[in-house]
Amino acid sequence: MATIIPVASFDCVVFGATGDLTTRKLLPALYYRYKDGQIPGTSRIIGASRSEMSVEAFRERARDALKRFVPARDLDEDRLAAFLDHLDYVAVDGAGDDGWEDLAAKLAERPDQVRPYYLATSPDLYGSICRNLSAHGLIGEKSRVVLEKPIGKDLKSARAINDAVGEVFPEEQIFRIDHYLGKETVQNLLALRFANTIFERLWTADVIDHVQITVGETVGVEGRAGYYDTSGALRDMVQNHLLQLLCLMAMESPLTLDANSVRDEKLKVLRALKPITPHDVQAVTVRGQYAAGAVDGKPVQGYRADLGGETESRTETFVALKLEVQSWRWAGVPFYIRTGKRLPQKLSEIVVQFRASPFSIFPAESFGREPNRLVIRLQPEEGIKLEVMTKDPGPGGMRLRPTNLDISFEETFKQRYPDAYERLLMDVVRGNATLFMRRDEVEVAWAWADSLLKAWADRPEPPRAYPAGSWGPTAAIALIERDGRTWHEEMH
Ligand code: BG6
């Protein structure tokens, strides 16, 4: 068990304190950090939202949330009660004038605390909350602001948000969350690449044939149809999570692990991404929308029915893309990425497929010339596998077959994997922005996404329907098979 070093004492103000993110993710994450002794006893978590509510009522809500979202084995009644004692509440109108004096008075009780302001609200409120914080003198050297995604829905709106927040907070105090960066296995990509000579030497176009990144989900749009229908998979998943994964796979070694060195290298990858133009949109992209089908053996309805019977929506719930990173290291190595809702499995994985051996000394009947593959499982069943060719045991001659060098993180480390938000919240308090997105990264990623969205908007055809519970439209299979390659799950 790793040693836990307590962070500095803080007052974390959570705007959007009654919302879904606070209930599902932030409160459980803070509870775990408290339970493990990382949060000093003088810290407070101050809920802020428009609803008038007593502190006791807020604590009761939090207790219910923790009972729902933390497994019973991790909920110790005494620790839970002690944790709830650190919760406070103020009714504040993010868009208006009410409640700010009360918040200021509460924060003035402990002027020396580190002060994260977590904006778990609609992005429309980011600007006015920041202006109010500044107008009430609540921003100092120890303040930080945390922005949840989506940061805009295109480059223009992202710039407007960044400008509004940037007017009152310097960039070093702005923490833009991409929760994928907080996942243990995603951070492990840095360890895998830059703490092991064997892989880094092979990380080039001479040795790698192509890379696949898959982030599949079994869920549909759940209670978020209103947001999702204005977003779609490209904005919701690709512009942020999948591009961040691609950056970590493709970037050069940063000079150090400090925030700017890492983000400088990621930015270069984003800049090197070849824009998808109207000319090649048909050849390198596939959009899909789930229709009725079955997931985990249960029938589920289609996306349009999930929207309440709206029949015209052209929002994509699945995307597959063939991307190019235009650099010396990656010239000619495609990155195939795909993500979607209502796929057969919740699965995030990165597959690096190496080139096939150039020549075989083995008799033709002994094996197919299977290339080596490195499979990095981000979730679930986190681990790393290297597929290598081995001799089939026995006296029957030289027959070969692929076998795995296989590390399961669960078996190796035998400990709970903390949720991404646990790490990210503590990094905010520590002031470490390495795992957060810098303004220029977000904007370059939007500029790239905008050109693809524009190319799609000009196409007459809607996204292709795929049955819920399948790996997307068959065109996504054709996208990679046209190049003589196969998606990883089809290989087995
Ligand atoms: C969020 C998206 O950012 O990531 C959701 O808005 C998606 O639509 C979620 O379901 C997936 O996150 P995870 O951690 O479950 O893979």
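Which strands does helix H2 (residues 55–69) lie across, and at about what angle does it run to S3? Figure 2 gives the answer.

**Figure 1. Overview of the two domains in the predicted model.** The model shown here and in the views that follow is predicted. The domain assignment of the protein chain gives domain 1 as residues 11–148. Domain 2 is made of two segments, 181–418 and 438–481. A distance of 35 Å separates the C-alpha centres of domain 1 and domain 2.

**Figure 2. The open sheet of six strands, with helix H2.** The strand order is S3-S2-S1-S4-S5-S6, and the pairing is parallel. Strand S3 (87–91) and strand S6 (174–176) are the edge strands, each pairing on one side only. From one strand to the next, the twist averages 20°. Helix H2 (residues 55–69) lies across strand S2 (44–49) and S3, and its direction is at about 120° to S3.

**Figure 3. Pairing of strands S4 and S5.** Strand S4 (residues 115–119) runs parallel to strand S5 (residues 143–147), and five bridges connect the two. One of the residues to look for is Tyr 117, whose bridge partner in S5 is Val 145.

**Figure 4. The cis peptide bond before Pro 150.** Lys 149 and Pro 150 are joined by a cis peptide bond, with omega near 5°. Pro 150 sits in the loop that runs between S5 and helix H6 (155–166). Lys 149 is also one of the residues that surround the ligand.

**Figure 5. The open sheet of nine strands.** Here the order is S16-S15-S14-S13-S7-S12-S11-S8-S17, and the pairing is mixed. Strand S16 (400–408) and strand S17 (464–467) each have a single partner strand, so one side of each is left without a neighbour in the sheet. On average, neighbouring strands of this sheet are turned by 20° against each other, direction ignored.

**Figure 6. Strands S7 and S13, and two helices packed on the sheet.** Strand S7 (residues 208–216) and strand S13 (residues 347–354) run antiparallel and are joined by eight bridges. Ile 208 has Phe 354 of S13 as its bridge partner. Helix H7 (residues 184–194) packs on the sheet and touches S13, strand S14 (373–379) and strand S15 (383–391). The direction of H7 makes about 145° with that of S14. Helix H16 (residues 439–457) also packs on this sheet, where it touches strand S8 (285–291) and strand S11 (318–323). Between the directions of H16 and S11 the angle is about 115°.

**Figure 7. Residues around the ligand.** The ligand is surrounded by Lys 149, His 179, Tyr 180, Lys 183, Glu 217, Arg 224, Asp 236, Met 237, His 241, Lys 341, Lys 346 and Gln 379. Helix H10 (residues 233–250) gives the most to this shell, with three residues.

**Figure 8. Polar side chains at the ligand.** A polar atom in the side chain of Lys 183 is 2.6 Å from an oxygen atom of the ligand. In the side chain of His 179, an N or O atom lies 2.8 Å from a ligand oxygen. For Arg 224, the distance from a side-chain N or O atom to an oxygen atom of the ligand is 2.8 Å. Taken alone, the ligand exposes 400 Å², of which the protein buries 81%.

**Figure 9. Backbone details in two loops.** Gln 379 and Pro 380 are linked by a cis peptide bond, with omega about -20°. Pro 380 is in the loop between S14 and S15, and Gln 379 is among the residues around the ligand. In the loop between strand S12 (335–340) and S13 is Arg 342. Although Arg 342 is not a glycine, its phi is positive, at about 55°.

How values were computed. Residues are numbered from 1 along each chain as its sequence is written. This is a predicted model: local features need pLDDT of at least 70, side-chain atom pairs count only at pLDDT 80 or more; totals for chains, interfaces and linings use all residues. Side-chain values use heavy atoms; hydrogens and water are left out. Domain bounds come from an automatic or database domain assignment. Two strands pair if DSSP finds at least two bridges between them. Helices (H or I, at least four residues) and strands (E, at least two) are DSSP runs, numbered from the N terminus. Axes are lines fitted to C-alpha atoms, for helices over the stretch in contact, and angles run from 0 to 180 degrees between N-to-C directions. Contact means heavy atoms within 4.5 Å. A residue is near a molecule or strand if one of its heavy atoms lies within 4 Å of it. A polar contact is a pair of N or O atoms within 3.5 Å; within protein, one must be able to donate a hydrogen and the other to accept it, and residues adjacent in sequence count only if both atoms are side-chain atoms. Accessible areas come from the Shrake-Rupley method with a 1.4 Å probe; for residues, only the protein chains shown count as cover.
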